[in-house]
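Colleague: Could you walk me through this one slowly? I am still learning how to read a fold, so please take the parts in turn.
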Amino acid sequence: MRREARLIGNEWFKGAWSDGKQVCPEPAARASRSSPRAKDIGVGDHFAVDIEPIRREWSESVIELWEQAGLIRPWNDPRADLRRAVEGPASDVLVGHDDGRLVAAVMVGHDGHRGWVYYLAVHPQLHRHGYGRAVMQAAQDWLRAQGIPKLNVMVREDNDQAGGFYQSLGYRADAVRVFSLRLDGNNR
Ligand SMILES: CC(C)(COP(=O)(O)OP(=O)(O)OC[C@H]1O[C@@H](n2cnc3c(N)ncnc32)[C@H](O)[C@@H]1OP(=O)(O)O)[C@@H](O)C(=O)NCCC(=O)NCCS
């Protein structure tokens, strides 16, 4: 089963995060095809997932999803991360809903040269239904639309689940080492 990422309208919009800043048009008409596995767990009787930039009212649900997915580390503040991503000019958080239920989210951004994704999460009860592939497709489209030629992802060495996932999407493991430095004095 494959789900398709869907732009809202013909281009990416920033969600209505800041009052009056931008407005998301209504989602396009939904496809309606049988999806028994998703239906069994109450997601809905259709095939497509609607993916659009986060709206302010979804932020706590998205953070809860990140928590459920095991992505929150004590030394990171997900609310601050989310706010920076939404307010920054070269980043956003894309959110997938199926029949009104939040099923997946990903943070996407770029530095003008490389694109990055962080906080990719699919609801734990909904793995292997194609939602991860769909939100990554949306993130890739978002970056392509901004002229970014390459996307990098960082995966913890022990995260075999994500490793297998990215490989099956065509990502390859590069022979690089990642070095980092805390700028906030927090050395955990
Ligand atoms: C990684 C994650 C986002 C994948 O989402 P998903 O919706 O289950 O993935 P999809 O159903 O779109 O899978 C697409 C393909 O990836 C591969 N894949 C998915 N999960 C896999 C796993 N656990 N092991 C190996 N391959 C996997 C499969 O080939 C799959 O296709 P198939 O189901 O037709 O065989 C999800 O497991 C998740 O939220 N994990 C916890 C958070 C996390 O680790 N995020 C990544 C941080 S770097």
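Colleague: Which element gives the largest share of the shell around the ligand?
Modeller: Keeping in mind that this is a predicted model, the largest share comes from helix H5, which gives five residues to the shell around the ligand.

Colleague: And how many residues surround the ligand, and which are the closest?
Modeller: The ligand is surrounded by 19 residues, and the closest of them are His127, Gly132, Arg133, Gly164 and Ser168. The elements that give two or more residues to this shell are strand E4, helix H4 and H5, the last of these spanning 160–168.

Colleague: How do the residues of that shell divide into nonpolar, polar and charged?
Modeller: Nine of the shell residues are nonpolar, eight are polar and two are charged.

Colleague: Okay, switching to the sheet: what is the order of its strands?
Modeller: The sheet is open and has five strands in the order E1-E2-E3-E4-E5, and the pairing within it is mixed. E1 (50–53) and E5 are the edge strands, and each has a single partner strand, so one side of each is left without a neighbour in the sheet. From one strand to the next, the twist averages 30°.

Colleague: In which sense does E1 pair with E2?
Modeller: E1 and E2, the latter covering residues 91–98, pair in the antiparallel sense over four bridges, and within this pairing Asp50 stands opposite His97 in E2.

Colleague: What about E3 and E4, over how many bridges do they pair?
Modeller: Strand E3 (residues 101–110) and strand E4 (residues 114–122) pair over six bridges, again in the antiparallel sense, and Met107 stands opposite Tyr118 in E4. These two strands form a hairpin with three residues between them, where Gly112 takes a positive phi near 95°.

Colleague: Then where does the parallel pairing come in?
Modeller: That is found between E4 and E5 (residues 150–153), which pair in the parallel sense over four bridges. To get from E4 to E5 the chain crosses through helix H4 (residues 131–145), and this β-α-β crossover is right-handed.

Colleague: Which residue in E5 is the bridge partner of Arg114?
Modeller: The partner of Arg114 is Lys150, and in the pairing with E5 you can also find Trp116 standing opposite Asn152.

Colleague: Last topic, the helices H2 and H3: at roughly what angle do their axes cross?
Modeller: The axes of H2 (residues 59–68) and H3 (residues 78–87) cross at roughly 125° and come within 11 Å.

Colleague: Why do you call them oblique, then?
Modeller: An angle counts as oblique when it falls outside the ranges for roughly parallel, roughly antiparallel and roughly perpendicular, the last of which runs from 65 to 115 degrees while antiparallel begins over 145. With a crossing at roughly 125°, H2 and H3 are therefore oblique to each other, and H2 passes H3 in a right-handed crossing.

Methods:
Residues numbered from 1 in each chain as written. Predicted model: local features only at pLDDT ≥ 70, side-chain atom pairs only at ≥ 80, totals over all residues. Pairing = 2+ DSSP bridges. Right-handed = clockwise from strand over helix to strand, strands pointing away. Near = placed C-beta within 6 Å. Nonpolar A, V, L, I, M, F, W, Y, C, P; charged D, E, K, R; others polar. Axes fitted to C-alpha atoms, helices over the stretch in contact; angles between N-to-C directions. Parallel < 35°, antiparallel > 145°, perpendicular 65-115°, else oblique. Left-handed = near helix turned anticlockwise from the far one by under 90°.
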